[in-house]
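Visitor: I am new to structures like this one. Please choose a single part for a close look, then follow what surrounds it, and explain each term when it first comes up.

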Amino acid sequence: MANGDDHQLVARIVSDQDTAAFGELVRRHQSQVRNFLRKLTGDIATADDLSQDCFMRAWDKIQTFSGRGSFIGWLLKIAYTTFLQSKRKSKRYAEILEQVGHVAEVESRSYSVQADEVTDLEKLLAVLNDEERAIMVMSYACGLSHREISDATSKPVGTVKSVIFRSKEKIRTNFDIKDHQHG
Amino acid sequence: MTSKIINMAERIKDAEDRLLESMFDSAPIADAGFSATVVTKVRRGLWLRRLTLPVFAMIGGAIAIKPLTGLVIAATRLSSLLPQDFLSRTAELMPQAQIIVLGAMLLAACMLGLRTIVD
């Protein structure tokens with residue numbers, strides 16, 4: 001139902017450049033996109049900045065939405081790309097600062113959480129690399145199918161499945177999640 | 001058939017999957033002006049794009065007007081240097097040349113105007 005509505009809104013945006021329709025799409029999906037990026041970055045302010053960038057890119061690229069998959073899947077693909085590009089940019093910035101002799105105190109936009117307020121999920125996400133974290137969040141927090149994750153990350157379905165398997169192995173190795181289950 | 005089996009297999013979740021889902025689950029984030037900010041940025045971007053072409057065309061025109069005037073004066077002087085019978089011969093061969101040039105200029109102006117209105 002929501003998917004059909006999303007597609008209608010996209011059609012209005014493409015045909016009339018309807019910013020009100022786009023606003024409705026943003027209202028519907030902002031929570032999932034921001035949650036996804038908060039879990040990827042571990043930082044609320046960075047995640048919200050990236051979310052804004054993500055929606056601006058979505059507006060620019062809305063004609064490329066084919067309508068085959070879900071709109072949220074397409075949106076999370078843009079969010080993931082935005083995250084990776086921002087990470088690459090801040091890494092380059094840190095390298096330049098190091099070259100000119102500065103102590104790199106730049107916000108690296110890698111996963112970092114405040115030690116005093118670490119939740120179970122944050123501990124769990126900290127043992128995963130960026131790709132594993134993104135795929136696990138898409139699967140378990142956003143409820144995307146393996147096919148949708150494959151489209152969003154541009155990786156084959158088999159790779160997505162093996163990344164999920166490997167991530168679960170890592171989590172099992174680092175945490176006794178059965179203990180967590182029983183309190 | 002195969003894809004249905006894959007989809008079913010995807011849906012069969014064990015206790016570990018359910019636990020992970022509950023751990024990843026988080027409360028929805030309140031909009032709190034987020035969508036309004038995005039829409040404002042989008043609208044600003046749209047206006048900027050709409051204004052860019054006419055503004056730059058005006059600036060370009062303002063910059064080009066002086067050299068263009070010089071060119072027209074030079075062309076007029078050059079035409080006065082040409083033998084009169086050559087000019088009259090050209091007018092005889094292509095009497096509609098002036099109308100063609102004027103028409104082309106009008107067409108270009110109309111197309112630019114239409115493009116601005118459509119945008």
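Guide: The answer starts where the chains meet and then moves through the helices and loops of chain A.

This is a predicted model, in which local features need pLDDT of at least 70 and side-chain atom pairs count only at pLDDT 80 or more, while totals for chains, interfaces and linings use all residues. Residues are numbered from 1 along each chain as its sequence is written, and chains are lettered from A and ligands numbered from 1 in the order in which they are written.

Where the two chains meet, 25 residues of chain A are in contact with 21 residues of chain B. Contact here means that the C-beta atoms of two residues, placed from the backbone, lie within 7 Å. On chain A, two or more residues each come from α2 (19-41), α3 (44-61), α5 (120-126), α6 (130-141) and α9 (177-181). The names follow DSSP runs numbered from the N terminus: a helix is a run of H or I of at least four residues, and a strand is a run of E of at least two. The biggest contribution to this side is that of α2(A), with nine residues. Sorted by class, the side of chain A that touches chain B holds 11 nonpolar, 10 polar and four charged residues. Nonpolar covers Ala, Val, Leu, Ile, Met, Phe, Trp, Tyr, Cys and Pro; charged covers Asp, Glu, Lys and Arg; the others, Gly among them, are polar.

The partner, chain B, has five helices and zero strands. Of its 119 residues, 5% are buried. A residue is buried if 20 or more other C-beta atoms lie within 10 Å of its own, exposed if 12 or fewer, and partly exposed in between, with C-beta atoms placed from the backbone.

Now take α2(A) by itself. Two packed helices are described by the angle between their axes and the distance between the axes. The axes of α2(A) and α3(B), a helix of residues 34-81, come within 9 Å and cross at roughly 145°. An axis is a line fitted to C-alpha atoms, for helices over the stretch in contact, and angles run from 0 to 180 degrees between N-to-C directions. The crossing of α2(A) and α3(B) is right-handed; that is, the near helix is turned clockwise from the far one by less than a right angle, whereas anticlockwise would be left-handed. From α2(A) the contact uses T19(A), F22(A), G23(A), V26(A), R27(A) and Q30(A), and from α3(B) it uses F34(B), S35(B), V38(B), V39(B), V42(B) and R43(B). By class, six of the residues in this contact are nonpolar, four polar and two charged.

The loop between α1 (2-16) and α2 of chain A holds Q17(A). Phi of Q17(A) is near 50°, a positive value in a residue other than glycine. Most residues other than glycine have a negative phi. Q17(A) counts as partly exposed because it has 14 C-beta neighbours inside 10 Å.

Next comes the interior. The largest nonpolar core has 48 residues, and those touching the most other members are F36(A), L75(A), L76(A), A79(A), V137(A) and M138(A). Such a core is a set of buried Ala, Val, Leu, Ile, Met, Phe, Trp, Tyr and Cys residues joined through C-beta atoms within 7 Å. Leaving aside neighbours within four places in sequence, the contacts of F36(A) are L76(A), A79(A), V137(A), A141(A) and C142(A).

Another helix on the side that touches chain B, α6(A), also packs against α8(A), with the axes 9 Å apart and an angle of about 100°. That makes the two roughly perpendicular, the word for angles of 65 to 115 degrees; under 35 is roughly parallel, over 145 roughly antiparallel, and the rest oblique. Here E131(A), E132(A), I135(A), M136(A) and S139(A) of α6(A) meet V160(A), V163(A), I164(A), R166(A) and S167(A) of α8(A). Five of these residues are nonpolar, two polar and three charged.

K168(A) is also in helix α8 of chain A. With 17 other C-beta atoms within 10 Å, K168(A) is partly exposed. K168(A) and M136(A) are 32 residues apart in sequence, with 8.8 Å between their C-alpha atoms.

Last is α7(A), where six of the eight residues are buried, so the helix is largely enclosed by the rest of the structure. The buried ones are H146(A), E148(A), I149(A), D151(A), A152(A) and T153(A). After α7(A) comes S154(A), with a positive phi near 55°. S154(A) sits in the loop between α7 (146-153) and α8 (157-174) of chain A and counts as exposed, because it has 10 C-beta neighbours inside 10 Å.
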